[in-house]
Amino acid sequence: MDEDAVDVTDADDETIQWRRDASTSRTVRLLWTFGVGTFFAAILTVVCWRLYRLAGEAAGGTGHTVVVALIAAIAATVLAVAASSDTERHLERLPVDVPGEKRLDRAVDAAVGTVVMGGVIGLLMGVGRYVSQNELLAVGASPFTFVAAASVPLALVALVLASFLQSVGRLDPEERTIYLYEPEQVIDLAVIEAVSIRRLGDAAVLSLTYAQPDGQYVQGPRRIVVPPAVARDVAALVGSES
């Protein structure tokens, strides 16, 4: 179950606050992990391939074995630490400064994403090389290399979508106002004529239609991302005004 942080501040105050980011939304977290992990994996794949070739030139098959074993050991360690229930305690044994909890979670997500996507890219490249060398397909390795290369632009799309789906704000039903943070914006529901809601995963995209008194353009965001419960409250408030 997703963990959108939506709450009411207290019994006497009906203000609703929410936070959608990688620490509270599974969708944002997965998109961010995939995006960052793919970029790191693409870079490390090139580095590891260079090391693999250099080791082969220097020590032949033994060099190849050492490099593969080293990569496998690092990947296994990363996954083991990430799966541990006490990641911070394990990292304290290393001669590095352990970051705060949120930064540590993002670092672990990035590391896991890098390992997983590195394995996927490596597998595609390896299968493509095998197919090409044995002439199993008329087109050679191109389908596999295309899929591996396409993961990079897909990662960029994932990061853009993760950024779009992030949202921090507060709804004050009494003042009929939405306060958005990061960046800071204030939306007066009195100037909203209508809203439409579109579900996108665990989020709701609110499309706002502004009134135009005397034909004047009213500034403000036309689309915002909020938890579904907040979207329903906003629609109810706008509907009750009309």
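User: What makes the link between the side chain of arginine 176 and the backbone oxygen of leucine 237 a polar contact?

Analyst: The side chain of arginine 176 reaches that oxygen of leucine 237 at 2.5 Å. A polar contact is a pair of N or O atoms within 3.5 Å (within protein, one must be able to donate a hydrogen and the other to accept it, and residues adjacent in sequence count only if both atoms are side-chain atoms), so 2.5 Å meets the distance limit. The model is predicted, so local features need pLDDT of at least 70 and side-chain atom pairs count only at pLDDT 80 or more, while totals for chains, interfaces and linings use all residues. Residues are numbered from 1 along each chain as its sequence is written, and side-chain values use heavy atoms, with hydrogens and water left out.

User: Why is arginine 176 called buried?

Analyst: Arginine 176 has a relative accessible area of 17%, and buried means under 20% (exposed is over 50%, partly exposed in between, with a 1.4 Å probe and protein chains only), so the residue counts as buried. It is found in the loop between strand 3 (167-172) and strand 4, where strands are DSSP runs of E with at least two residues and helices are runs of H or I with at least four, numbered from the N terminus.

User: How do you know which residues isoleucine 187 touches?

Analyst: Contact means heavy atoms within 4.5 Å. Leaving out residues up to four places away in sequence, isoleucine 187 touches Arg176, Thr177, Ile178, Leu180, Ile192, Leu208, Tyr210, Pro221 and Ile224.

User: What makes a set of residues a nonpolar core, and which members touch the most others in the largest one?

Analyst: A nonpolar core is a set of buried Ala, Val, Leu, Ile, Met, Phe, Trp, Tyr and Cys residues joined through side-chain atoms within 4.5 Å. The largest has 20 residues, of which Leu171, Ile178, Ile187, Leu189 and Val234 touch the most other members. Its largest share, five residues, comes from helix 5. Apart from this core lies another of nine residues, among them Leu31, Ala158, Leu165 and Val205.

User: Which residues lie nearest the centre of the largest pocket, and what makes a residue part of its lining?

Analyst: A pocket is an open set of points on a 1 Å grid over the protein atoms alone, where a 1.4 Å probe fits, with protein on both sides within 12 Å along at least five of seven lines, and lining residues have an atom within 4 Å of a point. The largest pocket is lined by 30 residues, with Leu44, Thr45, Cys48, Ile71 and Gly118 nearest its centre, and helix 1 supplies the largest share of the lining, 16 residues.
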